[in-house]
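Hello,

Here is the structure I said I would pass on. My notes on it follow below.

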2 protein chains.
Amino acid sequence: MDVTPLPHVVVVGGGFGGLWATRALARDPVRITLVDRSNHHLFQPLLYQVATAGLSAPDIAAPLRHILRRQRNVEVRLAGVEAVEADAGRIRLDDGGTLDYDYLVLASGATHAYFGNEQWAAHAPGLKTLDDALGIRRRVLLAFERAEAETDPAKRAAWLDFAIIGGGPTGVELAGTLAEIARHTLRDEFRNIDPAGARVRLVEAGPRVLASFPEDLSARAQRQLERLGVEVVTGTPVTAIDAEGYRLGDRFMPSRTVLWAAGVAASPLAKSLDVPLDRAGRVVVEPDLGVPGQPRVFVAGDLAAIAREDGRPVPGVAPAAKQMGRHVAGAIRARLRSQAAPAFRYRDWGNLATIGRMAAVVHFGRLKLSGLLAWWFWLLVHILFLIGFRNRVVVMFNWTWAYWSYQRAARIIFGDTTPGDDRDGPA
Amino acid sequence: MDVTPLPHVVVVGGGFGGLWATRALARDPVRITLVDRSNHHLFQPLLYQVATAGLSAPDIAAPLRHILRRQRNVEVRLAGVEAVEADAGRIRLDDGGTLDYDYLVLASGATHAYFGNEQWAAHAPGLKTLDDALGIRRRVLLAFERAEAETDPAKRAAWLDFAIIGGGPTGVELAGTLAEIARHTLRDEFRNIDPAGARVRLVEAGPRVLASFPEDLSARAQRQLERLGVEVVTGTPVTAIDAEGYRLGDRFMPSRTVLWAAGVAASPLAKSLDVPLDRAGRVVVEPDLGVPGQPRVFVAGDLAAIAREDGRPVPGVAPAAKQMGRHVAGAIRARLRSQAAPAFRYRDWGNLATIGRMAAVVHFGRLKLSGLLAWWFWLLVHILFLIGFRNRVVVMFNWTWAYWSYQRAARIIFGDTTPGDDRDGPA
């Protein structure tokens, strides 16, 4: 009997990159520890639906332990990772523990970034975790409540002013959905304000929204947003954000609800690796997704900076993270057999973004869709890729319900609702 | 044209009492302001399911504004009420505002009470609001995580020790469901602990559980609990609770998760009325549910202390609160017509309590059921009375799913999971 302990693979992060790497190693002679500070895998593409009260948090999340319960070579550890100590071959956890690894997969993803304006974080929350989503939901719903109770017209207008900074997919989704909430969902519910009169403004510093799409689809997306009631401002940077509003170019815009969708940066864990990072803090990996000079360490998902064959960067989207996760599993398998790992090749399935009710854009090779058809396509793909039969059915039901009734299921404000507390996170 | 302003009815609390009073006044010549510090009506009978991760918070809650959107004589105000100033005919809100009333309906309900041991609150949370439920869910799920990471056997055992103090319906529901989670839901998910070995103890100071039921049903409920894996201790009071455990009689029981289901007291708002209260702080009302000496103030729901015809108190259950709410509406209508209001008569539809998977007790007149049949009956009644078609369908689906899979949909831990933070509320 072979009593050599199996090689220990430590995977940091239970998102698409880490979870797909873990699952791909199910039949390999390794023992795996998956470390995450959350107890759940999150279906991030639908996070904006939790933020806008369309879905409950558990609809788009599944406990990591449950997903992996039958994969006997995995242990799940609930902890944050503070640092990689590559020389010693171990990671340091925030609960005081450490984990020694033979192979390390870093898939701790990205967080929102304010690019040197960290003081904006308190006034313009971003959307990366379930807690972020519940915090945004709370702010948005409370803003209408404050407007209803406010008698000063200027203050009321500021409560009914919603700004989303950043015209990428998240910003577009949030803006389109907020406009729908204001115009349809809240209809008839207030007595002193007309929610349909709320202003929803999407601000993009660059020349167009959805810059990763072809220009004509960007233009179509903007038209669809405007039809939903969103005011789109492009080519103008936000130069300041505080509790009272934001500065657009040199005009101050009073607004009590500013949401941040303007940028992400890699998880700070990358810094402890002591290797070159790109401008967004991502690890510039080898072609096989290995960390330069550290043959036992790999990176998957949003934390990895790597180019496609045509030189463009691999995008920070779920399909790319899954592909990287599987590739890293293969690379570890190759290492175990003392073989060389092949280079990672990103398979681009196309690009799609939802805008709001019956509006989306789709770009698959030469296929370009927008409007209702693109929306159905988007819906189908997203429900299909949700993990778990239960979630799929519940989400489908919630959406069918929302579609016909214009209602949003999860309009519940948690925690203290006392005024003055509005800018806090979710309680 | 009559330009006299309509009489203003202020209803405090959007629970069963307040909401049913409000709805019953839909066609009366009054304008109503419903004040609640939450934005939602809560279907409290299923709150334990949110606490035990079977349902999402939005499954059992509906926005008050949405419920009342078509009732044009109602305005909803999101605010807490600090005091009733009966002499001035107004209430003071926690957002600095006041509301003048012609008629006042107090339906602010009950909260959990520690009967002079308020220091226990930090260690043994109770279950009254959605935030309470999410806090309990968090503690329970984190306890298994801490046990999995703990290597000291005594400390691990304390993490796997769950105590529920109080053998009324809430305590019985929590204990039965926790036992199911430990024995079934978490099966195969941990590598270092066996969740099925967790201890779930239900402690009742009185002689039997479910004291509001006939003795034989109490005995059957206890047997069903024991079959589910709950250790039931009766006739022994808890004499101390701290972060490490609790004292049962004179034995200290190490336990990191103690839940409080041992008692409720009326909302503190009653004190500001300056009228006699009963031991639990409830207002001893007139036969028509009016406050003695204050002809324009009524009480509905858990805040009212009133006896049935046979002298037993009207119980603090949802059907009683709804009946009182409707009765108060009728009493106000009578006052408006300068008529006398009839006395409130509680119509007792029976008593039912669920215990856990396929176990419940039902007492309707001479009908006594227990076990599977009682459980189906309980299920049917509770789904039927849920507000809203959507909630009903989602809850039914979640339960069908849970029934066949033993899975619980909402096992998501929100907020910071760093150790040391475990005793905090939900983040």
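Which residue of S12(B) does B:Asp161 stand opposite? The residue opposite B:Asp161 in S12(B) is B:Arg199. Helices (H or I, at least four residues) and strands (E, at least two) are DSSP runs, numbered from the N terminus.

Before the rest, the conventions. This is a predicted model, in which local features need pLDDT of at least 70, side-chain atom pairs count only at pLDDT 80 or more, and totals for chains, interfaces and linings use all residues. Residues are numbered from 1 along each chain as its sequence is written, and chains are lettered from A and ligands numbered from 1 in the order in which they are written.

**Strand S11 of chain B**

S11(B) covers residues 161-165, and 5 of the 5 are buried, so the strand is largely enclosed by the rest of the structure. A residue is buried if 20 or more other C-beta atoms lie within 10 Å of its own, exposed if 12 or fewer, and partly exposed in between, with C-beta atoms placed from the backbone. In a regular strand the side chains alternate between the two faces of the sheet. On one side of S11(B) are B:Asp161, B:Ala163 and B:Ile165, on the other B:Phe162 and B:Ile164, and all of them are buried.

S11(B) pairs in the parallel sense with S12(B) (residues 199-204) over 5 bridges; two strands pair if DSSP finds at least two bridges between them. Between these two strands the chain passes through helix H6 (residues 169-185) of chain B, in a right-handed β-α-β crossover. Right-handed here means that, with the strands pointing away from the viewer, the path from the first strand over the helix to the second runs clockwise. S11(B) is also joined by 4 bridges to S17(B) (residues 257-260), again in parallel, with B:Phe162 opposite B:Thr257.

In chain A, S11(A) (residues 161-165) and S17(A) pair in the parallel sense over 4 bridges, and A:Ile165 stands opposite A:Trp260. A:Thr257 and A:Leu259 point one way from S17(A), A:Val258 and A:Trp260 point the other way, and all are buried.

**The two chains**

How many residues of chain B are in contact with chain A? The count is 45 residues of chain B, against 45 residues of chain A, where contact means that the C-beta atoms, placed from the backbone, lie within 7 Å. On the chain B side, S4 (61-63), H3 (64-67), S5 (74-78), H4 (130-149) and H10 (389-405) each supply at least two residues. H4(B) gives the most, with 6 residues. By type, this side of chain B has 21 nonpolar, 9 polar and 15 charged residues. Nonpolar means Ala, Val, Leu, Ile, Met, Phe, Trp, Tyr, Cys and Pro, charged means Asp, Glu, Lys and Arg, and the others, Gly among them, count as polar.

A turn of 180 degrees and a shift of 0.0 Å along the axis lay chain B on chain A with an RMSD of 0.0 Å. That is the relation of a two-fold axis. The superposition is by least squares on the C-alpha atoms of residues with pLDDT of at least 70 in both copies. The copies meet through the same surface, because 100% of the interface residues of chain B are also interface residues in chain A.

**Single positions**

A:Ala133 lies in H4(A) (residues 130-149) and counts as buried, with 27 C-beta neighbours inside 10 Å. Leaving aside neighbours within four places in sequence, A:Ala133 is in contact with A:Leu47, A:Val50, A:Ala51 and A:Leu127. A:Leu47 is 86 residues away along the chain, with 6.7 Å between the two C-alpha atoms.

A:Leu34 is in S2(A) (residues 31-36) and is buried, with 28 C-beta neighbours inside 10 Å. Not counting residues up to four places away in sequence, A:Leu34 touches several residues, including A:Val11, A:Leu64 and A:Val76.

Two non-glycine residues of chain B have positive phi. B:Leu210, at about 45 degrees, is in the loop between S12 and H7 (215-228) and is buried, with 25 other C-beta atoms within 10 Å. B:Ser338, at about 55 degrees, is in the loop between H8 (318-336) and S23 (351-356) and is exposed, with 6 other C-beta atoms within 10 Å.

Regards

How values were computed. Contact = placed C-beta atoms within 7 Å.
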